[in-house]
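Here are my notes for someone opening this structure for the first time. Have the sequence and the 3D view side by side as you read, and take the points in order.

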Amino acid sequence: MAVLEVLHFPDARLRKKALPVANIDSSVKELAEHMIETMYAENGIGLAATQVNVQKRVVVMDLSITKSEPVVMVNPEVLTTSGLEQMQEGCLSVPDVYETVERAEKIKFHYLTLENKLIEQDAEGLLAVCVQHEIDHLNGKLFIDYLSPLKRNRIAKKLEKQEKLESQAL
């Protein structure tokens, strides 16, 4: 297994849209394993393939306290939404930034497992937010896109400065 490089905003590759997975083969299963390892190494709760520069509709998530219940979602899709709620979000592609975002409070979604089984599920709370957040990634959208242009520009400048400082330290 391998820890993959997570792209950071404002990298333009984060804006690419992922393509549906036509066949769940060994390469998709291997990608999912690497993504799970990367998510844990980065201390995240979710990761979309586009965040590791793979344009496939694959998401991994683990909302368990023990970080021992990874879920792999292939071709996830939100079917219905209801209500609105605000929750603070962060993102491995936008490190050290946490902002309040408004999303659907309840969702119905479906996805394929690595065994090609269709799962349909209702969600609310953190699961609903996380599913919406990761599917946004697959569509080339980041949680900061829900913020004002002023806040987004401030975040971009902060991350660019941070990246420059880190590269000078090497």
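1. Let's begin with one residue. Asn75 is found in strand S3, and bear in mind as you look around it that this is a predicted model. Is Asn75 buried or exposed? Its relative accessibility is 18%, so it counts as buried, the cut-off being under 20%. Its side chain reaches the backbone nitrogen of Val21, at a distance of 2.8 Å. If you set aside the neighbours within four places in sequence, the contacts of Asn75 are Pro20, Val21, Arg57, His110, Tyr111 and Leu112.

2. Now look at Met73, which also has its place in strand S3. With a relative accessibility of 3%, Met73 counts as buried. Beyond its neighbours within four places in sequence, Met73 is in contact with Arg57, Val58, Val59, Met61, Phe109, Tyr111, Leu112 and Val131. Try a distance here too: Met73 and Leu138 lie 65 residues apart in sequence, and their C-alpha atoms are 12 Å apart in space.

3. Step back to the sheet. What is the order of its strands? Five strands make an open sheet, in the order S1-S2-S3-S4-S5, and the pairing is antiparallel. S1 and S5 are the edge strands, each pairing on one side only. Ignoring direction, neighbouring strands of this sheet are turned by 45 degrees against each other on average.

4. Walk across the sheet from S1. Strand S1 (residues 46-48) is joined to S2 by three bridges, and Leu47 stands opposite Val60 in S2. From S2 to strand S3 (residues 71-91) there are four bridges, again antiparallel; here Met61 stands opposite Val71.

5. Keep going to the other edge. S3 and S4 pair over 13 bridges in the antiparallel sense, with Val74 opposite Leu112 in S4. Seven bridges then join S4 to S5, and those two run antiparallel. One facing pair there is His110 and Glu120 in S5. S4 and S5 form a hairpin with five residues between them. In that turn, look for Asn116, which has a positive phi of about 70 degrees.

6. Strand S2 (residues 58-61) deserves its own point, since both of its faces are covered. On one side you have Val58 and Val60, on the other Val59 and Met61, and all of these are buried.

7. Next, helix H2 (residues 125-138). It has 14 residues and reaches 21 Å from first C-alpha to last, close to the 20 Å expected at 1.5 Å a residue. Why call H2 largely enclosed by the rest of the structure? Because eleven of its 14 residues are buried. Charged-looking names are on that list as well as nonpolar ones: among the buried residues are Ala128, Val129, Gln132, His133, Glu134, Asp136 and Leu138.

8. What do the buried residues of H2 pack against? Their partners are S1, S2, S3, strand S4 (94-112) and strand S5 (118-124). H2 is followed by Gly140, where phi is positive, near 80 degrees.

9. On to the cores. The largest nonpolar core has 19 residues, and the members that touch the most others are Met35, Leu47, Val58, Val72 and Val74. Helix H1 (26-41), S2 and S3 each supply at least two residues of this core. Which element gives the largest share? H1 does, with six residues.

10. Leu47 is a handy place to see that core from the inside of the contact list. Leaving out neighbours within four places in sequence, Leu47 is in contact with Val6, Met35, Thr38, Met39, Val52, Val58, Val59, Val60, Leu92 and Glu134. There is also a second, separate core of 15 residues, which includes Ile107, Ala123, Cys130 and Val131.

Definitions and conventions: Residues numbered from 1 in each chain as written. Heavy atoms only, no water. Buried < 20%, exposed > 50% of the residue type's maximum accessible area, 1.4 Å probe, protein only. Pairing = 2+ DSSP bridges. Expected span 1.5 Å × (residues − 1). Contact = heavy atoms within 4.5 Å. Axes fitted to C-alpha atoms, helices over the stretch in contact; angles between N-to-C directions. Polar contact = N/O pair within 3.5 Å; in protein donor to acceptor, adjacent residues only side chain to side chain. Core = buried A, V, L, I, M, F, W, Y, C linked by side-chain atoms within 4.5 Å.
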